[in-house]
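Hi everyone, thanks for coming. Let me put today's structure up on the screen, and then we can walk through it together.

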Amino acid sequence: MSSTPPEPTDRKVTTHALRRMKEAGQKIAALTAYDQVMAGLLDEAGVDVILVGDSVATVVQGLDTTVNVTMDHMLYHASMVTRGVSRALVVGDLPFMSYQVNTDTALMNAGRMGKEANVEAGKMEGGSSICPTVERLVEVGIPVMGHLGLTPQSIHKFGTYRVRATEPEEAEELRRDALALQEAGAFALVLEKIPSGLGEEIARSLEIPVIGIGAGGGCDGQILVSHDMLGLYTRFHPRFVRRYAEVADVMRGAFEGYVRDVRSDEFPSNDESY
Ligand code: KIV
């Protein structure tokens, strides 16, 4: 007999609430935001986790990779996002080289995200090698979300955005890293662009929620980059992105209409003038 998962409540989403959602079989809906307006709309729509992703690099800043995003960029965007949110858990991506140098640097940067931008948790890419840092952050009270599979900050190492962990050895390493992150105290894990069977297996084997992006429907929740699912960022369209709107077309139409109206003296009308 299939049971109906409980409806989401208006209560503030916490790391503990996400764990309870997993236990209750209630799927977690996560999306990215980079400013207050978008974050407010996501929050009103009932999104559980809002990630201030370093994907801001590609979908907002016009960069080719996430490698160039700085701590200052992330603090700027994260502080706008937290001003727009009251219910969702806000997680801030720690940008490339803000946590890899050593644990003290990671501690300082993750602390800045909390103190200066009010995010409630930090996300870091990587497996066993970052576990000592994850442990230390959790020890001082900073919740950490892990990120395995396709890790865009390492694009120059891999040279490609292809599906990860398709070979048994890489899949085994992923299983080990996922468990290591849980044992280090991560409260949740993002799995990006891996075979759906492996995504489901890891979600079932871990106690912490596993949030997939291109990791199949067997994960405990899903995340997409908002600009991708809105059809606002259209430079590429990976298979795992479902487009819920064609916002770029709507905006283009509005801008063209405005230009037309200004040039033809249709705007402003008397009603729009003083
Ligand atoms: O930066 C980002 O938006 C992310 C998601 C794709 C998970 O890390």
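Let me start with a small puzzle: is M97 buried, partly exposed or exposed? M97 is partly exposed, because its relative accessible area is 42%. For those words, buried means under 20% relative accessible area, exposed means over 50%, and partly exposed is in between, with a 1.4 Å probe and protein chains only.

Before going on, a word about what we are looking at. This is a predicted model, in which local features need pLDDT of at least 70 and side-chain atom pairs count only at pLDDT 80 or more, while totals for chains, interfaces and linings use all residues. Residues are numbered from 1 along each chain as its sequence is written, and side-chain values use heavy atoms, with hydrogens and water left out.

Now the overall picture. Eight strands form a closed barrel in the order β1-β2-β3-β4-β5-β6-β7-β8, and the pairing is parallel. On average, neighbouring strands of this sheet are turned by 25° against each other, direction ignored. Strands here are DSSP runs of E with at least two residues, and helices are DSSP runs of H or I with at least four, numbered from the N terminus. Two strands count as paired if DSSP finds at least two bridges between them. As a reminder, strands of a sheet pair through backbone hydrogen bonds, either parallel or antiparallel.

Which strand does β1 pair with over four bridges? Strand β1, residues 28–32, pairs with strand β8, residues 221–224, in the parallel sense. One bridge to look for joins I28 to G221 in β8.

Let's move to β6, residues 188–192. Five of its five residues are buried, so this strand is largely enclosed by the rest of the structure. Both of its faces are covered: A188, V190 and E192 are buried on one side, and L189 and L191 on the other. On one edge, β6 runs parallel to strand β5, residues 144–149, and five bridges join the two. There, G146 has L189 as its bridge partner in β6. Strand β7, residues 210–213, also pairs with β6 in the parallel sense, over four bridges. In β7, L189 is partnered by V210.

Strand β5 is mostly covered too, with six of its six residues buried. It pairs in the parallel sense with strand β4, residues 121–125, over four bridges. In that pair, E125 has H147 as its bridge partner.

Keep your eye on L189. The largest nonpolar core has 78 residues, and L189 and I202 are those with the most contacts inside it. Such a core is a set of buried Ala, Val, Leu, Ile, Met, Phe, Trp, Tyr and Cys residues joined through side-chain atoms within 4.5 Å. Helix α8, residues 168–184, gives the largest share of this core, six residues. Leaving out residues up to four places away in sequence, L189 touches several others, among them A178, L181, I202, L206 and I211. A contact means heavy atoms within 4.5 Å.

Next, a pair of helices. The axes of α4, residues 71–83, and α5, residues 103–117, come within 9 Å and cross at roughly 35°. Axes are lines fitted to C-alpha atoms, for helices over the stretch in contact, and angles run from 0 to 180 degrees between N-to-C directions. Residues that meet there include M71, L75 and A78 from α4, and N109, M113 and A117 from α5.

Finally, some backbone details. Most residues other than glycine have a negative phi, and most peptide bonds are trans. M97, from our opening puzzle, has a positive phi near 70° and is found in the loop between β3 and α5. N118 also has a positive phi, near 65°, and its place is in the loop between α5 and β4. N118 counts as exposed because its relative accessibility is 53%. The peptide bond from F267 to P268 is cis, with omega near 0°, and P268 lies in the segment after α11.

That's my tour, so please take a turn rotating the model yourselves.
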